[in-house]
Amino acid sequence: MLLGFLFTSVIAYEQSHGLQFSSHEVVPEKRTSLNLTPTDPICLTDDTEISFDFNFAPNFETYFGYIIRIITNNNQNIDIVYNQKLLNFNFVIGENFSFVFRIDQSRLYNNWNHCSIRFNKKSQEVLFYLDNQLVCRQKFNFSEATCSRVFFGANDYEGFKTIDIPPMRIKDIKVKQGNSEKSFYPLAEILGNQTLDAVGKSIATVKNPTWIKPRHQNWQQVRSIATAATASIAFDKNSEVLYIVSTDSLYQLSLKNGQISGVKLSKSHGVLPPGNQSVFNQAASQLYNFYVDEKEVSTYLPNSQVWSHNFNPKQLTEFWQANKFISTVDSSLYVVAGYGQLQYKSLVQRYSFPNSSWEVVKAKGDFFMPRYLAALGTNAATDTAFIIGGYGSNTGDQTINPKYNYDLIAYSVRNSSFKKIYHLNDPAKQFCFANSLVIIPGTTDFYSLIYPIDRFNSSIQLIKGSLTTPAYELVGDSIPYAYHDIESFADLFYCPASQKLVAVTLFSSKDNITSVKVFTLDFPPNPFTAAKEASGKKPPYLLYALIAVVVLIAGRLIRKRRKQKVATSAPTEEAPVISTAASNQPAVIQPASPAQEIVVDVPLHYAVYLFGQFEVIDKNGADITRQFTPLVKELFLLLLVYTFRDGKGISSEKLYEMLWSDKSAKDARNNFSVNIIKLKGILDKVGEYHIGKETGKWKFEVLNESIRIDYQHFTEMVAKKQQLDKKYIHDLQNMIDRGSFLSETQYDWLDDIKSEVTSFVVDTTLQYLSTADVQMEAEWIIKLTNSIFHFDQLNEDALAYKCRSLIVLGRHGMAKDAYLKFAKEYKETYGQDFEKSFAAITGH
């Protein structure tokens with residue numbers, strides 16, 4: 001398909017671009033493959049060089065696998081393979097390790113590494129270069145008749161198939177022969193399954209691509225959370241966790257894996273007054289919430305899940321949108337500027353953590369205009385804070401000539417002084433800044449968010465600037481932002497390990513609800529590209545064609561998959577309320593659901609459910625389960641289960657024995673014929689299928705994917721189980737959430753099959769739970785344990801995981817109730833007391 005090319009008329013190679021490979025975190029058929037030679041191979045008619053840049057994507061568990069595989073027409077292979085256990089790369093020719101080399105881990109993840117494989121015709125050698133330095137050379141016989149296929153990542157080339165690949169990124173692939181460049185694949189597409197050779201105009205094919213360029217251009221909304229009262233946020237850059245503070249709960253969103261957890265406080269934080277802010281102290285690994293007007297700082301105590309101090313506001317804050325930072329020079333929290341009671345502030349206030357004292361610092365140096373809506377960031381030593389922009393007035397009085405400010409000011413902690421660095425030229429359209437200035441370590445570059453303050457339906461835009469040069473540029477795209485002065489708040493953070501920027505917007509409505517939205521953008525961001533207006537001279541036929549193609553493909557995918565991506569579930573009575581959605585109106589869910597999109601079953605037409613109650617839905621969405629008589633139902637289940645269980649089907653003799661053991665062979669055959677006609681009459685209303693004999697056994701086959709059968713999907717999952725990633729467990733949980741296998745259906749022949757299903761579900765789920773992080777996935781763990789209890793209501797391991805998760809969420813009473821209910825059922829079943837105490841189960 002040519003979708004990637006339709007969007008790309010001019011390739012800006014200086015922008016972030018490339019291809020990211022899906023790896024062990026997905027099933028084999030979803031892993032990424034790049035075939036450089038889908039039609040014609042590369043023939044080694046002259047000295048040939050294949051080069052490319054690569055690095056590894058951070059925050060994955062498994063990195064083992066093939067970077068590149070070159071296969072000649074005489075079945076010689078040349079590979080670069082990463083060994084995660086030894087943290088080294090193997091340069092392999094045939095079945096021999098030609099050389100082992102390493103790349104510094106920091107460079108491997110944070111920099112592009114240039115690799116080159118050269119075929120020297122004269123010396124009959126293959127040479128490998130890393131960053132233009134010769135690593136090894138090896139004899140390799142080839143001639144002008146030797147041609148090769150080139151694959152990156154996975155490949156399905158017969159005899160040389162590979163599915164083990166690391167989560168890597170590739171860009172700028174070049175093929176040179178002699179002194180001329182034959183091909184150049186920058187991999188700068190934004191979508192599609194093909195990539196264009198910018199030199200020779202060849203086409204390489206890609207399976208399961210994740211194009212890098214749009215990830216550096218377009219903000220992705222990863223969370224939308226609605227919480228009570230005037231929430232505030234703080235960021236721990238070391239662990240890359242965003243804290244969301246509300247009156248009765250504390251939420252933690254991990255930007256490394258997108259998981260969110262909610263802790264219900266053991267004691268309410270009281271009133272979170274408008275104007276409260278939160279901050280994370282990296283040096284002490286401590287979360288604080290503060291309210292300037294009361295000159296009080298409250299410390300979060302994680303062991304008891306409570307805040308050390310509650311605020312008692314007597315009036316509206318005088319320090320809206322104040323800036324803050326923590327300095328390790330004197331272990332203090334600094335609060336700068338702010339607005340309230342018709343006054344802009346220029347105060348520098350300091351709270352000493354060691355002394356628990358609050359004071360106003362007498363600042364000297366250059367004039368610092370009273371303001372709010374400015375951005376502040378510190379250098380690595382935290383002894384200097386840089387403040388840019390804002391809105392205020394020279395006198396501080398809102399009634400006397402308020403104006404925008406575009407100065408960059410440095411505040412020295414050691415000298416308690418301000419120094420003006422430069423003044424940005426006033427822009428054509430005025431703007432203010434989000435609360436934080438992100439200064440990239442080791443550089444003088446900074447990033448901030450800007451937005452106009454003269455409209456409600458606004459948007460925020462990322463800019464890149466310099467601490468030394470009075471200039472800036474727009475980067476990335478914009479984010480919708482509901483701006484209403486003191487009811488709105490925006491901030492920006494940087495994740496150094498994950499290499500992404502995080503934008504957060506907050507809006508507090510009149511009904512005492514704060515909407516928190518979190519967006520991410522891969523770093524570094526690409527330059528801003530304004531949308532082009534139609535010239536009016538020519539109709540945009542290309543755009544119309546593209547839209548038609550996209551709609552057509554999307555329609556086919558929808559009809560084929562019969563799935564819908566959602567991420568909602570009903571909240572529990574005591575659970576902290578979180579909402580998450582791609583739209584502006586988030587749906588309410590429980591906390592701690594994993595961040596990735598979850599594919600779940602939605603009510604479908606033409607479906608057969610065997611998990612939970614047996615249920616059949618026809619083409620019109622009607623439940624036709626009651627049309628199955630007991631005999632027709634058992635006949636259908638025998639055909640269905642024996643077909644999908646092992647693919648073999650069931651013989652006529654076995655069918656007759658199970659259903660008509662009291663009848664002669666002739667009568668059994670007649671009964672079968674009558675009831676199979678009845679069964680077909682019902683199934684004709686559901687979808688396309690075929691019931692027939694194959695190799696002496698009866699089978700039930702779904703045609704054109706027209707009937708969704710959960711048990712069929714289950715057997716497919718059993719067959720492909722290799723690695724328990726979150727998507728696999730989510731898929732399994734969505735299925736078993738209906739209940740155990742044929743929970744209300746009892747046949748003697750079904751017992752062993754039920755036992756097989758139960759063993760797989762329980763063992764697989766417990767295997768995943770053994771690696772789950774109870775602090776980050778508590779709600780999700782509870783949901784999984786509840787599903788286990790559908791199959792094994794007296795599973796002690798599930799009880800332990802559930803109780804511990806409930807305690808993590810602060811629901812001690814519910815944990816105790818779950819234990820007592822289990823103990824009661826245990827005694828009723830086994831006639832003896834449950835031996836393990838609550839303390840032994842929970843560790844508390």
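1. A nonpolar core is here a set of buried Ala, Val, Leu, Ile, Met, Phe, Trp, Tyr and Cys residues joined through side-chain atoms within 4.5 Å. The structure under discussion is a predicted model. In its largest nonpolar core, which has 85 residues, those that touch the most other members are Leu-610, Leu-639, Leu-655, Leu-679, Phe-700, Tyr-711 and Phe-741. Helix H4, spanning residues 630-646, gives the most to this core, contributing ten residues.

2. Leu-655 merits inspection as one of those core residues. With residues up to four places away in sequence not counted, Leu-655 touches Leu-635, Leu-638, Leu-639, Ile-650, Trp-660, Phe-672 and Trp-698. A second core, separate from the one above, comprises 46 residues, and Phe-56, Ile-93, Phe-152 and Leu-187 are included in it.

3. For the chain as a whole, the secondary structure amounts to 13 helices and 54 strands. The protein chain has 844 residues, of which 53% are buried. Of the contacts between residues at least 6 apart in sequence, 58% join residues at least 24 apart. The exposed area of the chain is about 38,400 Å², and carbon and sulfur atoms supply 50% of that area.

4. Strand E9 (residues 113-120) may be considered together with its partners. E9 runs antiparallel to strand E4 (residues 48-56), and seven bridges join the two. Within this pairing, Thr-48 has Phe-119 of E9 as its bridge partner. E9 also pairs with strand E10 (residues 125-130), again in the antiparallel sense, over six bridges. Here Arg-118 has Leu-127 of E10 as its bridge partner. E9 and E10 form a hairpin with four residues between the strands, and in this hairpin Gln-124 takes a positive phi near 55°.

5. Another sheet is open and consists of four strands in the order E23-E24-E25-E26, with antiparallel pairing. Which strands stand at the edges of this sheet? They are E23 (277-281) and E26 (306-307); each has a single partner strand, so one side of each is left without a neighbour in the sheet. The pairing of E26 with strand E25 (residues 296-301) is antiparallel and rests on two bridges. In that pairing, Val-306 in E26 is the bridge partner of Leu-301.

6. On the surface, Tyr-472, Leu-474 and Phe-528 make a nonpolar patch of about 220 Å². Tyr-472 lies in strand E41, which covers residues 472-482. Is Tyr-472 buried, partly exposed or exposed? Its relative accessibility is 31%, so Tyr-472 counts as partly exposed, the partly exposed class lying between under 20% for buried and over 50% for exposed.

7. Thr-378 is placed in strand E33 (residues 375-378). This residue counts as partly exposed because its relative accessibility is 24%. Thr-378 and Ile-439 are 61 residues apart along the chain, yet their C-alpha atoms are separated by 7.1 Å. Ile-439 is also among the contacts of Thr-378, together with Phe-325, Thr-384 and Ala-385, when neighbours within four places in sequence are left aside.

Methods
Residues are numbered from 1 along each chain as its sequence is written. This is a predicted model: local features need pLDDT of at least 70, side-chain atom pairs count only at pLDDT 80 or more; totals for chains, interfaces and linings use all residues. Side-chain values use heavy atoms; hydrogens and water are left out. Two strands pair if DSSP finds at least two bridges between them. Patches are made of residues with over 30% relative accessible area and no salt bridge: like charges are joined within 9 Å, nonpolar side chains (Val, Leu, Ile, Met, Phe, Trp, Tyr) within 5 Å. Accessible areas come from the Shrake-Rupley method with a 1.4 Å probe; for residues, only the protein chains shown count as cover. A salt bridge is a side-chain nitrogen of Lys or Arg within 4 Å of a carboxyl oxygen of Asp or Glu. Buried means under 20% relative accessible area, exposed over 50%, partly exposed in between (1.4 Å probe, protein chains only). Contact means heavy atoms within 4.5 Å.
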